[in-house]
Amino acid sequence: MGLHGWNRLPRVLVVEDDAALSDVVCTFLSGEGYDCVPAFSGTEALLLAERAAEKGEKNRPFDLVILDLMLPGLPGEELMGRLRAAGVAAPVIVTSAKSAVTDRVGLLRLGASDYLVKPFDLDELLARVEVQLRDGARPDPSAGTLRFGSWELDPVARTFAVGGEPLRLTRTEFDILAALMRDPNRVFTKQALFELVRNEEALTEERTIATHVSNLRVKLRASGTDSYIQTVWGIGFKLQM
């Protein structure tokens with residue numbers, strides 16, 4: 001797998017109340033070069049994530065979260081929002097037996113980065129993990145700070161600010177803005193954005209990109225800059241002031 005560029009093992013929080021499945025996932029991913037930390041309830045996962053976020057790099061914060069929905073103590077849907085509120089910006093792969101489009105879209109709106117329907121193949125899980133961590137493993141040190149209007153985005157530090165005020169984004173939201181800001185005069189199709197932010201062919205519904213853009217606009221609304229992201233009907237999105 002593509003772990004080149006990491007100077008340490010990527011740290012994965014595996015939130016799964018089924019002890020046997022948790023052990024299978026952790027053992028498999030550990031064999032592929034990941035440092036897995038299991039949590040067997042929503043409350044345990046939140047505590048571990050909050051402690052990691054508070055202590056920062058010294059405690060090796062989580063690089064990825066694999067999250068089951070059916071959890072004791074704190075349901076996965078609620079935990080998803082609590083993790084983001086606690087400052088955990090790591091990508092989250094949700095695993096669930098629920099396969100309806102409305103369920104997937106709902107979790108994306110809460111900040112999930114990907115959704116894997118149970119039962120899943122371990123090789124597919126590994127592929128999803130690789131995709132989520134690939135860009136973070138290879139930061140481009142030559143990439144300069146991107147600016148558009150009152151926005152400022154640092155591709156290396158992966159920070160985004162509006163008018164000097166930091167704004168927390170999910171991995172996918174950040175990558176969408178980075179793509180748009182690198183080429184502000186371009187009209188991006190939804191498929192092109194998907195390929196850029198996931199670094200693979202567009203293998204899912206184009207409306208997932210529209211969902212992430214909608215989430216971005218909600219976060220930007222308070223600053224009055226949500227209108228920077230313009231919809232080009234029938235094509236996709238572009239930046240315009």
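Two strands count as a pair when DSSP finds at least two bridges between them. Keep that in mind as you explore this predicted model.

**Stop 1: the sheet.** Select strand S6, residues 146-148, and then strand S7, residues 151-154. Three bridges join S6 to S7, and the two run antiparallel. To see one partnership up close, click on arginine 147: its bridge partner in S7 is glutamate 152.

Now add strand S8, residues 159-162, and strand S9, residues 165-166. You are looking at an open sheet of four strands, ordered S6-S7-S8-S9, with antiparallel pairing. In general, strands of a sheet pair through backbone hydrogen bonds.

Which strands stand at the edges? They are S6 and S9; each has a single partner strand, so one side of each is left without a neighbour in the sheet.

**Stop 2: the helix on the sheet.** Next, select helix H6, residues 171-182. H6 packs on the sheet and touches S6, S7 and S8. Turn the view to compare directions: that of H6 makes about 110° with that of S7.

**Stop 3: two cysteines.** Finally, show the side chains of cysteine 26 and cysteine 36. Are they buried or exposed? Cysteine 26 has 10% relative accessibility, so it counts as buried. Cysteine 36, at 14%, counts as buried too.

A disulfide is a covalent bond between the sulfur atoms of two cysteines. How many disulfides does the structure hold? Zero. Cysteine 26 is in no disulfide, with the sulfur of cysteine 36 as its nearest cysteine sulfur. Why is there no bond between them? Their sulfurs are 4.6 Å apart, which is too far, because a disulfide needs the sulfur atoms within 2.5 Å.

Terms used:
Residues are numbered from 1 along each chain as its sequence is written. This is a predicted model: local features need pLDDT of at least 70, side-chain atom pairs count only at pLDDT 80 or more; totals for chains, interfaces and linings use all residues. Side-chain values use heavy atoms; hydrogens and water are left out. Buried means under 20% relative accessible area, exposed over 50%, partly exposed in between (1.4 Å probe, protein chains only). Contact means heavy atoms within 4.5 Å. Axes are lines fitted to C-alpha atoms, for helices over the stretch in contact, and angles run from 0 to 180 degrees between N-to-C directions.
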